[in-house]
Every structure is written in structure tokens, then in C-alpha cells.
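Biologist: I am new to this structure and would like a close look at a single part of it, the place where the ligands sit. Please describe those surroundings carefully, together with the spaces in the protein and the annotated stretches of the chain.

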Amino acid sequence: MNFPVAALSAASLSSLGPEVAMPTYDRSAVAVGIVHLGVGAFHRAHQALYLDKLMNRGQALDWGICGVGVLPGDAGVRDALAAQDGLYTLVEKHPDGRQEARVVGSIVEYLLAPDDPEAVIEKMAGEAVRIVSLTVTEGGYNLDAVTGEFQADDPGVVHDLEPGAAPRTTFGLVVEALARRRERGLAPFTVLSCDNIQGNGHAARRSFTAYARLRDPELGEWVEANVRFPNCMVDRITPVTTDEDRALVAERFGVRDRWPVVCEPFTQWVLEDDFGTGRPEFQDVGVQVVADVEPYELMKLRLLNAGHQALGYLGYLAGHRLVSQASQDPLFAGFLLDYMVREATPTLSPVPGIDLHAYQRQLVERFSNPQVRDTVARLCADSSDRIPKWVLPVIRHNLEHGGEIERATAVVAAWARYAEGVDEQGEPIEVVDRLKATLVPLARSQREDPLAFIRNRDVFADLADDERFASTYLRLLASLHRDGARATLEALASR
Ligand SMILES: NC(=O)c1ccc[n+]([C@@H]2O[C@H](COP(=O)([O-])OP(=O)(O)OC[C@H]3O[C@@H](n4cnc5c(N)ncnc54)[C@H](O)[C@@H]3O)[C@@H](O)[C@H]2O)c1
Ligand SMILES: O=P(O)(O)OC[C@@H](O)[C@@H](O)[C@H](O)[C@H](O)CO
């Protein structure tokens with residue numbers, strides 16, 4: 001590196017070296033048109049980048065992003081972005097070691113809701129805002145994993161529904177803003193979920209209309225009838241930022257960035273064109289705007305996300321800590337491909353313009369990218385929000401249609417084994433799950449009562465009552481206990 005290291009800010013942009021691409025537009029001329037809730041790593045690697053690309057073309061200057069953190073834990077993002085005038089560095093890491101860095105400028109404002117909920121509500125209630133987008137995780141929609149019903153007894157929701165309460169949930173904030181727009185005669189904004197949920201727009205519609213109905217039935221009807229909730233499929237592997245990433249950005253690119261984001265080169269966004277009050281011209285920067293997103297969503301969730309789950313628990317138990325290591329292990333790569341080819345793909349409809357075999361092979365390559373350093377632990381978090389949405393639908397479909405279920409069932413059994421909280425070497429596992437207090441004791445009781453984990457109907461509904469599933473599960477769990485993850489996969493590979 002031939003350039004001095006500069007702390008990232010609007011003022012330091014001109015001193016950055018030529019290895020770093022940066023906004024070519026006048027950020028002071030960018031007006032907020034989008035409020036985004038949940039400015040995690042993924043939003044900064046995906047939607048914010050698409051907008052930055054548009055802005056670099058002189059487009060979408062009235063679609064700047066105001067980021068919002070809903071949870072107190074987002075204070076770190078607030079501080080990092082505040083110190084850097086909303087700027088951050090995005091580094092795309094190619095498998096051959098090439099790295100491309102770019103300073104992204106499309107987030108022009110950031111508000112932390114717990115600091116000032118009123119400011120967040122007023123921002124969304126303002127006429128200039130036409131889209132409120134979300135990446136608040138799969139669990140962020142408060143929908144029951146089995147019934148799909150909105151969980152009205154959530155303490156945050158109960159709090160927000162108290163008359164005069166200052167909202168602290170996504171629902172309280174967004175619905176109050178919608179109510180104010182309605183009172184003021186302003187068109188509602190479009191609510192755009194970008195989380196990994198099948199029918200993420202439908203899920204958002206269910207959540208927000210249910211909350212609005214609880215607040216005021218007439219408001220609920222109005223939201224249902226007037227607010228648009230497009231579905232979309234989003235894809236770009238974005239691991240958690242590490243201190244090594246911060247050091248890399250300083251040493252390799254000369255940028256001292258409090259919170260850079262790293263990701264793979266691949267990116268995809270398939271978007272349903274259902275926006276009530278306009279949208280940026282996303283199609284000009286590679287977004288696929290389509291009438292029906294469902295085939296793309298199912299492909300991605302059942303191959304990529306469920307594929308991640310297939311590598312995660314088994315990989316961790318066998319000692320892998322990086323996704324790339326697990327994917328480069330022939331036994332695991334074989335298991336992943338067998339899961340995709342024999343169990344997941346038969347549940348999919350044809351996907352326009354996509355060769356599913358090529359897609360599967362490309363996934364193994366993407367997971368194997370050694371530069372991305374995505375951790376197995378990231379994939380194994382929040383399992384109770386992920387397994388029911390991505391893996392169980394594959395099992396249910398195959399049970400109904402006489403398809404194979406062994407590999408997807410092995411993933412569920414491996415989750416149950418992982419949730420015991422101790423690995424095959426006797427080392428503790430940090431189980432990260434909002435249902436941890438229920439799941440870990442159930443998992444620990446399964447040595448005596450092997451169906452205990454899957455009899456949890458809040459997660460599995462009545463799946464344990466299915467004889468074919470239960471007997472397959474019992475066999476695989478016993479194998480994991482007796483022989484370990486690697487030997488279990490070896491036995492599966494020969495079937
Ligand atoms: N990381 C990826 O590879 C990736 C790729 C595609 C899609 N996604 C989607 O994006 C989501 C976020 O991923 P990330 O990598 O940005 O994670 P992250 O941990 O960096 O950020 C998560 C954000 O969600 C917020 N959040 C969590 N629970 C919430 C709740 N109940 N209410 C409001 N806000 C809440 C957090 O405060 C944080 O701002 C994923 O859950 C997934 O649905 C991620
Ligand atoms: O982030 P989550 O919770 O949706 O799931 C974990 C990973 O499967 C996911 O982040 C993928 O990396 C991502 O969906 C790739 O586009």
C-alpha cells in the first residue's frame with residue numbers, strides 16, 4: 001500500500017487511493033426516499049450497494065437511505081456510521097484472492113429508534129419516504145413457526161399496544177407512521193421485506209396488518225387494502241465483519257473503517273414489481289424485476305439456505321469452523337449435493353432462465369470460496385427460525401409425495417445433537433437461539449427420550465407423528481450419538 005491510512009469520512013474521501021472505488025455523485029444532493037430497518041451486514045452488501053450503483057449513474061438521487069436500528073444492540077452501527085458520515089467500505093472477495101473495495105454512499109442518514117422513536121416515526125411519515133424496507137432476520141416478523149399467526153403476546157408488541165406507549169418494535173414504529181400518513185392524506189409507503197423467508201412480502205403483510213388490526217380494526221383494514229408488500233428473493237453471502245477485515249481494509253486499501261462489510265462477488269435480487277408509490281430503476285443495475293418471485297425464492301431457500309443448514313450442524317460436530325472448509329471436504333460436499341439433487345430439487349418447480357444443476361454446482365463453489373471466511377457458527381444461529389422455514393418444508397413435501405427424506409432428516413437430527421450444547425470432543429457449543437431455554441434441555445433429554453426434541457410442537461407441529469420421519473430420525477440421531485457426524489455421513493453416502 002502506497003497511501004497513508006485515512007479514517008473514513010466525507011472529508012477524507014478525496015485522499016483515498018485509487019484502489020478504492022467511491023461515490024462519484026454529490027451526496028449532499030441525495031434526498032431520503034427509503035427508510036431501511038435493520039442495517040446489518042447484509043443490507044450494506046446488497047440493497048445499499050444497488051442504490052449506490054444507481055446513484056453513480058446519476059439516477060435514484062431521491063432514493064437515499066435513512067437507516068434505522070430498532071434494537072438497542074444497533075448502537076454500534078449508529079456510532080460507526082455517525083463517525084463516517086454514513087460511509088462504509090464494502091470488500092468483495094473473489095476465490096482467487098482478488099479483492100475489490102468500494103466506499104458506499106447511499107446511506108445518508110441513520111437513526112436509532114431507542115434513542116428517539118418519534119424521530120423514526122416522523123421520518124417514515126414524511127411525504128418523501130416511499131419505501132420502508134427491512135432486514136430484521138427471519139424471526140423479526142413475530143409469526144408463529146407452525147400456524148403462521150402473528151404472536152400478539154410478544155412482550156414488545158404488548159408494550160407497543162399500550163395507549164400512549166412509545167413504540168419499540170418494528171410493528172409499533174411502522175404502523176404508527178402509516179397511521180399518521182393516513183391522517184395526513186398521504187399515500188402509504190411500500191413495505192419491502194428483504195429477509196430470507198418464503199413469501200417475505202406475504203409474511204410482512206400478515207405481520208403488519210395483524211398488528212394494525214390489534215391497534216384499531218379499521219386501521220388494519222386500511223393497511224390490508226392500501227399498503228403494498230412486494231415479495232423478493234435476495235442473495236449474497238455476507239459474513240459477520242471481523243477485526244481481521246478491519247485490518248485488511250486499513251492495510252490493503254488505506255481506509256480506517258470502524259465497520260466495513262465483506263462479501264462474496266455473487267449477488268442476486270429478484271423483485272416483484274408491486275410498489276404503490278414508485279421505486280428506483282433497480283433493473284438498470286442488475287435486479288431482476290419479475291411478476292412471480294416464488295420459483296426463485298423456493299430455489300434459493302431450499303438449495304442455498306437449507307444447504308447452509310445441511311453443512312452447518314454436521315460440519316460443526318465434525319470439527320469444521322469455516323463454511324469453506326466444510327464445503328471443500330469431499331464427504332460434506334457430496335452430502336450437500338446429494339441433499340440438493342435427491343431431496344430439495346424434486347420439490348421445486350422449473351425456475352425461469354435457471355439451470356438447476358448449474359445452480360447447485362455454483363452453490364458448492366460459492367460456499368467453498370476460502371476468502372469469504374463465513375463461519376459455521378453463523379449458519380447454526382437462530383435455528384428455530386430457520387429450520388421450520390427452509391428444511392421442514394422439503395421433508396413435508398417429500399413425505400407427501402413419496403420422495404427421499406434421509407438427508408434433510410439428518411440435518412434435523414444434527415441440529416438436535418448440536419443443541420445439546422457439547423460437541424463430539426466434549427467441548428461446549430454456544431447455542432444461539434431465542435428458544436434456547438426450551439431447546440437445550442429437550443436436546444439434553446434425548447439420550448433417554450430420543451424423540452423429545454422433535455415432539456416440540458411449537459417448532460415441528462405434528463411431524464414426530466409421521467412414522468417414516470420418526471423412524472428415520474431415530475436411526476440418524478442414534479448414529480450421530482454412537483458414531484459421530486462423519487461416520488453418519490459416510491453411511492449416508494453409500495446409500
Ligand atoms: N448475511 C447474509 O448472507 C444474508 C443474505 C441474504 C439475506 N440475509 C437476510 O438479512 C438478515 C440479516 O442478516 P445480516 O447479515 O444483516 O445480520 P446482522 O446480524 O448483521 O443484522 C441483523 C439486523 O437485524 C436487526 N434485528 C434482529 N432482530 C430484530 C427484530 N426482532 N426487530 C428489529 N430488528 C431486528 C438487528 O438489530 C440488526 O440490525 C438475515 O436474517 C436474512 O434474512 C442475510
Ligand atoms: O442470514 P440468515 O439468517 O437468513 O441465514 C444464514 C445464511 O444461510 C444466509 O445468511 C445466507 O448466507 C444468505 O441467504 C445468502 O444469500
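Modeller: What follows goes through the two ligands, then a cavity and a pocket, and lastly the annotated domains.

The model is a predicted one, and every distance given here is computed from its atoms. Ligand 1 is surrounded by 21 residues, and the closest of them are F42, D74, E138, D195 and N196. Among its polar contacts, one joins a nitrogen atom of ligand 1 to a polar backbone atom of V136, at a distance of 3.3 Å. Another nitrogen contact of ligand 1 involves the side chain of R378, where an N or O atom is 3.2 Å away. An oxygen atom of ligand 1 lies 3.1 Å from a backbone N or O atom of R236.

R236 also leads to the other ligand, since a backbone N or O atom of this residue lies 3.0 Å from an oxygen atom of ligand 2. Around ligand 2 there are 13 residues, of which E138, N196, D235, K300 and R386 are the closest. E138 and N196 are therefore names to keep in mind, as they are listed among the closest residues for ligand 1 and again for ligand 2. In the case of E138, a polar side-chain atom lies 2.5 Å from an oxygen atom of ligand 2. The side chain of N305 takes part as well, with an N or O atom 2.8 Å from an oxygen atom of ligand 2.

Turning from the ligands to the enclosed spaces, a search of the whole structure finds 3 cavities of 30 Å³ or more. The largest cavity holds about 60 Å³ of space, and its lining includes I237, E264, H308, S324, F367 and D374. Two helices, α11 (323-328) and α13 (356-368), each give at least two residues to this lining. Sorted by class, the lining of the largest cavity consists of 4 nonpolar, 3 polar and 4 charged residues.

The second largest pocket is another space to consider, and it contains about 500 Å³. It is lined by 22 residues, and those closest to its centre are D144, A145, R206, P388 and K389. The elements α7 (200-215), α15 (383-390) and α16 (392-401) each contribute two or more residues to the lining of this pocket. That lining is made up of 11 nonpolar, 5 polar and 6 charged residues, and at least three residues come from each of domain 1 (6-290) and domain 2 (294-493).

The annotated stretches of the chain complete the picture. An unreviewed UniProt entry places the feature "domain: Mannitol dehydrogenase N-terminal" at residues 33-282. Over residues 33-282 the chain is 36% helix and 20% strand, with its end C-alpha atoms 14 Å apart. The UniProt annotation "domain: Mannitol dehydrogenase C-terminal", likewise from an unreviewed entry, covers residues 292-471. Over residues 292-471 the chain is 62% helix and 0% strand, and here the end C-alpha atoms are 38 Å apart.

Key:
Residues numbered from 1 in each chain as written. Chains lettered and ligands numbered in written order. Predicted model: local features only at pLDDT ≥ 70, side-chain atom pairs only at ≥ 80, totals over all residues. Heavy atoms only, no water. UniProt positions renumbered as here; feature names shortened; annotations may be inferred. Helix = DSSP H or I, 4+ residues; strand = E, 2+ residues; numbered from the N terminus. 1 Å grid on protein atoms, 1.4 Å probe; cavity = no way out; pocket = protein on both sides within 12 Å on 5 of 7 lines; lining within 4 Å. Points joined across faces, edges and corners; volume = space filled by probe spheres on them. Nonpolar A, V, L, I, M, F, W, Y, C, P; charged D, E, K, R; others polar. Domains from an automatic or database assignment. Near = heavy atom within 4 Å. Polar contact = N/O pair within 3.5 Å; in protein donor to acceptor, adjacent residues only side chain to side chain.
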